[in-house]
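User: Please take a close look at one part of this model, the place where the two chains meet, and set it in the context of what lies around it. I would like a connected account that also says how far the prediction can be trusted.

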Amino acid sequence: MSTETFTEHYGALRDALPGQDLPWLSRLRADAFARFAEAGLPTPRQESWKYTSLRPIEKAGFGADGAPRACISIDRAPSLLPSASDHHRLVFVDGHHRADLSTVGPLPEGAELTSLREMLAKDPAWLEAHLGAQAQDDSQALLALNTAMMMNGFVLRLAKGTVLHDPIEVVHLGGAGEGPLAYHPRNLVVLEPGSQATLIEHHTHMGEQPYYANSGTEVTLAEGAVLHHYKLQADALNAFHTATVHAEVAAGALYDAFGMTTGARLSRNEIAVRLAGEEANCHLNGAYLVRGEQHVDNTTRIDHLVPNTACSEIFKGVIDDKARAVFQGKITVHRDAQHTNGHQLSKVLLLSDQAEIDAKPELEIYADDVVCSHGATAGDLDHNALFYLRSRGIPEKAARAMLIEAFLAESVHNIAAQGLCPALMSSIGHWLADRRGDL
Amino acid sequence: MAATFETVEQVRALDKYKYGFVTDIEAETAPKGLSEDIVRFISAKKEEPEWLLEWRLKAYRHWLTMAEPTWSKVQFPPIDYQDSYYYSAPKQPGDGPKSLDEVDPKLLETYEKLGIPLSEQKLLAGVAVDAVFDSVSVATTFKKNLEEVGVIFCPISEAVKNHPELVRKYLGSVVPYGDNKHACLNSAVFTDGSFVYIPKGVRCPMELSTYFRINAQNTGQFERTLIIADEGSYVSYLEGCTAPQRDENQLHAAVVELIALDDAEIKYSTVQNWYPGDEDGKGGIYNFVTKRGACRGRNSKISWTQVETGSAITWKYPSCILQGDNSVGEFYSIAITNNHQQADTGTKMIHIGKNTRSRIIAKGISAGKSDSTYRGLVRIGAKAEGARNFTQCDSLLVGDKCGAHTVPYIESKNRRAIVEHEATTSRISEDQLFYCRQRGMSQEDAVALVVNGFCREVLQQLPMEFAVEAQKLVGISLEGSVG
C-alpha cells in the first residue's frame, strides 16, 4: 500500500518532532522511516495481515499536527477507577500530553512517571539506552512508522525493588482536533528487578473528528518484576486504532495483560512477548464487543526462549451486526526451551447472521518436553442455557444479555486489579443496553 | 486370513527401507525438460482428443505465469523443472499386455517385492488392484467383477477414450487447472492415474486400490485420479505408495478429485511411505499433492484417511467442499516424520450447504530432526446454517531436535454454526514408557506401542488391509529415533 500520506507527514513534521537535536534520535527516526517507506503499510497479502486491511486508513486522509494546542477546552478527563481511590493519572489529548489535566501524586523513591518529551529533556542518555531496545525487530511497518513519528507518550521507570501500590491511569482522548488527525504515541515501561506496578490505559474520545492513533509500547521487565497492564479501548466509532506492544520478560518476572475493546471502526492490538528468563510468566487475556461495521484484530505472539516458562492466553469476543473479529495467536517454543507450559483459547459468540470471526491459533514447537494446547470455538449462545432462563420467565432479550454478560464477566473478574472491574463491567452493560431491539 | 498374514509378513520384513531397489526396465522416455512440445508429446502418446490437449496447453501456459507457493513451512532448494523427465512408460510388446502372462516379468518381480502378488489378487480379500508402474497402468484385475455391477475402474487414459463424456464433465471440476502451481503442472503433464465411476445406487462390491510407484530415475510422477460416485452409491478406495531408494529428489505432483452426488459416499484411504531420504536428509521424494473432494449432493459424504510416513517433503491438504445440504466431510490423518523429513499437511473443510458436518482428527508425530506441521482451514459460509465442525490435532514429539507446529485457520460467518478446535502438543509420557519397559519391552517397542495408541483413532478408520500394514509402518518409521 502506498505510504504517501505518511511520507508527507514525516516531511512536514520532521523538524518539529521532539529530540531532533539529538543525533542518535534523528538517526533512529530516519532509519525507521526508511524501513517503513520500504515496507509500506501492511496489506492482506502479508500472512500476518491476512484478515485485516488498512485501506480505510489510507482513504480517510488523515492530517498530522506538530504543535500541541493549549486551547482544548476540557477541564476533566473520565476515569475508570473509583474517584475516591488514590491513583496517578496522565492525560493525553490527540497524542499530546496535558500536564494541566494530569495528576501525579507523590511517588516512592526510585519511581519515575513522566512523558516522553520531559524524559528527553531530563535524561536523554537513559532514553538512548532504552528507546527501541525491545522493538529491535520492527520489521513491522506500523512500529517503524511509530518510531519515525513518535511525538509523545508516557515513560514509567521503576528502580530496583520499587513497588507502586497505587495504579497508574493513562487516559488518551482523541478526536479533539479540527480535522482528521493521525498521531503516534510512544510509551516506555522499564521495571528494574523486583519492582511492581499496575498500569491502566484508557482510550476514549471527546470530539467528532475521526482520528488514527498508532501507538507503540516497549516493556522491559527485569528479574522478578511484575507489571499488570490493562487497557480499555473505547475509541470513537469513526476512529482507527493500531497498537503494538513489545515486551521482554526476564527470569521470574510476570507480564499480566488484559485488554478490552469496544471502540474504533478498525483496531488492531498486536502484542509480542519474549519470555527470556527461566520462570518468566505471561498472561495475555482479552475481551471484545463489536458491532456495526467494526473490525477488531487481536494478534499476539509469545516466544518461549528458555526452559521453564509459562504463558496463558484467553480471548473472548462478542460479535454483532456486520462486525468482524480476527484473532491470531502464535506461541513459539524455541529449541531447548523445555518444560514450557503454554495454553491458548479463543472463544467467540456470533450474535448476527452477518458477523464474522477469523481465528488462527498457532503453535510452533521445537522442544519435546512441553505441554502446549490451544482451542478455538465459535457459535451462538447455548440454546440450553437460554431455554433454562426463558423457562424461568426471563424475557428473551434479558436472557440473552445475561448470558453474554456472564460469558465476558468470567474474564473480567479474573483480573488482578479488582478496582477496575466495575468500570469494565459497566462498559459491557452499556454495550448490551445499546444493542438494537431485535435480540 | 491368508492375505492379511502375508501383508503382516511382508511389512515385518521391512527392516529399514525394504523398498529401496531399482528395477532395470528400459523406459520409453520423453526428452528431459518441460515445454509445449513435451505436453503435446504426452498427449500424442496417449492418443488424446483435441479438447484434452487444449486443456493441457491452457494449464501449461498458465503454469508458466504462476509463482511457487511459499506459504508452507517446508524448505527445499528451488526445483529445476527442466531437469526432469515428464514421460516414461515401461516398454511393452505390441499394444500392451492382454493378460498377466504378457506383462514384463521384471515388473511382476517388482510387484512381488512390493507385496502385490497380482496372480493372487483374488485371495487378497476382495481387493482389485489397478497397479500403476511409472505412469502407465499395466494390469487391471477384477475388472470383470466390477463391470458386472457397472462400476468403471480403469486408467484415466483409457477412460478418456472410452468414457470421454464423463471425463470431460468432471475433470478439473473440483481442482481447476489454475488452482495452484503443482496442480497446474499436473494438469499439463499428467500421464496416468485411476478413473472410477460408481453408477447410481451401486455399492461397490470390493475395495478399490492402486499402488503407485516411482521407478525410472528422474521421472516426476504426475498422477491424476478422478472418482465419481453417482447418486446413492458407495465406494472405498485405497491408495498405497512406495518408491525405490534414490539420491536425487523426485517431484511428485498428483491431483485427486472426488465427486459425491446425492446420498453418495466416498471413502479414500492412503498409506504413503515413499522414500524419505537417508538419515542425513539426502534424497527423498517431494510429494506435492492436491486432493480435493466435492460433496455436491445432498446427504453425501467424503472421508479422507491418510497415513503419511514417507517422502522427504509432504505438502498435502485433502479437502472437502461441502456443497450439498447435510453433507459430511471427514479427515483422519497420521503424519510421521523422522530424520530430516518435513511434512506440511492438513485439510480444508469448506461448509457451504446447510447442516453440513465435518470432523478433523490429525495426529502428528515428529522424531529426529524433522518438522511436522498441521495446517488446516475450516470455513463456514454465510449460508451454512446449522453447520458443525470439530477439529482435534495432537502432536507428539520424540526427541528434542524436532518440531511440531499447528496452524489452523477458522473462519465462521454463520451464528448458527458451531466450530470447535482443540490442539495439544506433548511428548511421550515417561510413565507410559516406564510401564512398558518394566514389563520387558525394548525401548523401541515401547515407543511404537505408545505411538500406536496415540494414533489409534485414525488407524481404526483404515480398511483392514491397510490397518495392519499401517500399524507396522508407524513403528518402522520411528526406528532409530529413540535410545
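Analyst:
**The contact between the chains and its surroundings**

In this predicted model, chain B has an average pLDDT of 80, and 77% of the residues score at least 70. For the complex, the predictor reports an ipTM of 0.83 together with a pTM of 0.84. Two stretches of chain B call for caution: over residues 10-16 of chain B pLDDT stays under 50, and the model has seven contacts beyond four places in sequence for them, while over residues 91-98 of chain B pLDDT likewise stays under 50, with eight such contacts. Where pLDDT is low, the predicted coordinates should not be read in detail.

Turning to the interface itself, 32 residues of chain A are in contact with 31 residues of chain B. On the side of chain B that touches chain A, the elements giving two or more residues are strand 22 (388-398), strand 23 (403-412) and strand 24 (418-427) of chain B. By class, the residues on that side of chain B comprise 13 nonpolar, 10 polar and eight charged. Strand 23 of chain B also takes part in a pairing across the chains, since it runs antiparallel to strand 19 (residues 356-365) of chain A over six bridges. Within strand 23 of chain B, B:His405 is the residue that stands opposite A:Glu364.

Next comes the nonpolar interior. The largest nonpolar core has 245 residues, and A:Leu221 and A:Ile319 are those with the most contacts inside it. Helix 10 (residues 443-459) of chain B gives the most to this core, namely eight residues, and at least three residues come from each of domain 1 (4-277) and domain 2 (383-439) of chain A. Leaving aside residues up to four places away in sequence, A:Leu221 touches A:Leu191, A:Leu227, A:Ala247, A:Glu248, A:Val249, A:Ala250, A:Ala253 and A:Tyr255.

The two domains of chain A also meet each other. Their centres, taken over C-alpha atoms, are separated by 31 Å, and 15 residues of domain 1 of chain A are in contact with nine residues of domain 2 of chain A. The elements that give two or more residues to the domain 1 side of this contact are strand 8 (196-205), strand 10 (226-233) and strand 12 (254-261) of chain A. That side of domain 1 of chain A has 10 nonpolar, four polar and one charged residues.

Key: Residues are numbered from 1 along each chain as its sequence is written. Chains are lettered from A and ligands numbered from 1 in the order in which they are written. This is a predicted model: local features need pLDDT of at least 70, side-chain atom pairs count only at pLDDT 80 or more; totals for chains, interfaces and linings use all residues. Helices (H or I, at least four residues) and strands (E, at least two) are DSSP runs, numbered from the N terminus. Ala, Val, Leu, Ile, Met, Phe, Trp, Tyr, Cys and Pro count as nonpolar, Asp, Glu, Lys and Arg as charged, and the others, Gly among them, as polar. Two strands pair if DSSP finds at least two bridges between them. A nonpolar core is a set of buried Ala, Val, Leu, Ile, Met, Phe, Trp, Tyr and Cys residues joined through C-beta atoms within 7 Å. A residue is buried if 20 or more other C-beta atoms lie within 10 Å of its own, exposed if 12 or fewer, and partly exposed in between; C-beta atoms are placed from the backbone. Domain bounds come from an automatic or database domain assignment. pLDDT is the predictor's confidence in each residue, from 0 to 100.
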